Amino acid sequence: MKTKVLVSMLLIASLQLVSAQKYLSKNGHVWFYSHTPMENVEAHNNQVVSVIDASTGDIKFNLLQKAFEFKVALMQEHFNENYMESEKFPKASFSGKITNLSTINFKKAGVYSAEVTGELSMHGITKTITTKGTIEVKGTSIIAVSKFTIAPKDFGIVIPQLVENKIAKEMEVNVDITYNPM
Amino acid sequence: MTNNMKRFWLILGVFAILSGYLVWKRTFRPSDTNVASKKTEAVVSANTLIKAYASNEDSTNMLYLNKIVEVTGKVDTILEKDGQISVYLKEKSDTEGVMCAFNKTEIDTSSVKVGQIVSVKGICTGYLMDVILTKCSVNL
């Protein structure tokens with residue numbers, strides 16, 4: 001009897017170990033677009049750190065503002081110095097949850113649609129955002145893709161009138177991250 | 001119009017075009033893809049850099065943030081994603097390392113081997129889980 005209890009306890013423990021699978025990426029790709037008739041701006045960050053916990057649906061992102069790369073050097077300077085104030089606020093982070101976790105099977109290959117809600121912090125301001133995306137299970141790795149828009153003014157980013165027509169009121173943010181088991 | 005006036009307008013015109021050109025060039029100057037030709041501001045081993053960041057992020061930022069640093073370390077992994085290559089410098093005994101970001105045109109991945117000691121020059125961009133260098137070039 002005792003051994004049976006012990007065996008079943010061990011079984012439960014090992015099951016929990018398997019299901020408590022965490023996935024990590026250190027070279028996630030996040031980029032944003034600003035489209036206006038006057039000018040298109042685009043910047044890429046390929047050093048995004050992100051963790052997904054498949055058992056709880058927790059999803060976290062961390063990035064450095066200064067790792068965003070622009071095609072034009074002066075835009076990058078303005079982004080860091082005037083808009084994001086990267087010296088004062090060097091990091092942006094997101095911490096949220098996959099709200100439809102039950103429909104995603106991390107052990108079966110396929111593309112699943114995912115809904116995520118969480119807190120996005122940057123420029124010293126935190127806002128709740130909700131977005132849709134996909135999670136692709138491919139071998140041992142998973143690929144998360146999402147697209148959403150954010151308004152600079154929601155994060156206290158002031159765009160001077162002089163360049164108001166060159167910078168979109170809403171930025172399109174894209175996320176494309178390949179995770180591997182931790 | 002006298003000859004003097006003509007010369008004045010000519011010089012002014014040339015000056016206006018020239019300054020316009022210079023402003024235009026400065027405004028739309030493309031970002032560097034690497035900082036190989038720029039002056040190195042600090043030389044440090046990957047191990048020392050990561051230990052310094054792990055113990056005190058703020059004081060280490062004072063020393064290295066936004067500076068062009070040359071970091072020597074052992075290649076742990078080479079990752080590729082969407083046209084960017086990351087070379088991860090880490091010693092087996094360490095839990096964290098230095099993530100070096102390369103523009104695809106700036107590195108020949110076949111020339112870098114896992115386990116090799118390399119020296120990477122780039123801009124120290126800060127500390128997340130690892131120290132991050134951007135716009136890197138490599139010295140084999």
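**Notes on the A–B pair: salt bridges, interface and fold**

1. Let me start with a pairing across the chains: B:Arg29 makes a salt bridge with A:Glu77, and their closest N and O atoms sit 3.6 Å apart. The bridge runs between chains, from the loop between α1 (3–27) and β1 (42–45) of chain B, where B:Arg29 is found, to helix α2 of chain A, which carries A:Glu77. Keep in mind that this is a predicted model.

2. Are the two partners buried, partly exposed or exposed? B:Arg29 has a relative accessible area of 31%, so it goes down as partly exposed. A:Glu77 comes out at 30% relative accessibility, so it is partly exposed too. The cut-off for buried is under 20% and for exposed over 50%, so neither residue falls in those classes.

3. That bridge belongs to a set: the count between chain A and chain B is 5 salt bridges. As for polar contacts across this interface, the rule finds 15 residue pairs, with both residues at pLDDT 80 or more. On the chain A side, the elements giving two or more residues to the surface that touches chain B are β1 (22–35), β2 (40–53), β3 (58–64), β4 (69–70), α2 (73–83) and β9 (171–181). Sorted by class, that side of chain A has 10 nonpolar, 7 polar and 8 charged residues.

4. How many residues are in contact at the interface? There are 25 from chain A, against 26 from chain B. The area buried between the two chains is about 2300 Å², and carbon and sulfur atoms give 54% of that. Three residues stand out here: A:Lys26, A:Asn27 and A:Gln47 supply 26% of what chain A buries against chain B, more than any other three residues.

5. Now for salt bridges within chain A. The structure holds 12 salt bridges over all chains, and one of them joins A:Lys97 to A:Asp58, with the closest N and O atoms 2.8 Å apart. A:Lys97 lies in strand β5 (residues 91–98) of chain A and A:Asp58 in strand β3 of chain A, so this pair ties together parts that are 39 residues apart in sequence. On accessibility, A:Lys97 counts as partly exposed at 39%, and A:Asp58 is partly exposed as well, with a relative accessible area of 28%.

6. Another bridge in chain A pairs A:Lys88 with A:Glu85, where the closest N and O atoms are 3.8 Å apart. Which class does each partner fall in? A:Lys88 is exposed, at a relative accessible area of 58%, whereas A:Glu85 is partly exposed at 28%. In general, side chains of opposite charge can pair when their charged atoms come close.

7. A few words on the fold of chain A, for orientation. There are 2 helices and 9 strands in chain A; along the sequence they follow the pattern α-β-β-β-β-α-β-β-β-β-β. Of contacts in chain A between residues at least 6 apart in sequence, 59% join residues at least 24 apart.

8. Last, burial and surface. Chain A has 182 residues, and 47% of them count as buried. The area that chain A exposes is about 10000 Å², with carbon and sulfur atoms supplying 60% of it.

Note on methods. Residues numbered from 1 in each chain as written. Chains lettered and ligands numbered in written order. Predicted model: local features only at pLDDT ≥ 70, side-chain atom pairs only at ≥ 80, totals over all residues. Heavy atoms only, no water. Contact = heavy atoms within 4.5 Å. Buried area = accessible area lost by both parts, 1.4 Å probe. Salt bridge = Lys/Arg side-chain N within 4 Å of Asp/Glu carboxyl O. Polar contact = N/O pair within 3.5 Å; in protein donor to acceptor, adjacent residues only side chain to side chain. Helix = DSSP H or I, 4+ residues; strand = E, 2+ residues; numbered from the N terminus. Nonpolar A, V, L, I, M, F, W, Y, C, P; charged D, E, K, R; others polar. Buried < 20%, exposed > 50% of the residue type's maximum accessible area, 1.4 Å probe, protein only. Areas by Shrake-Rupley, 256 points an atom, 1.4 Å probe, with all protein chains shown as cover.
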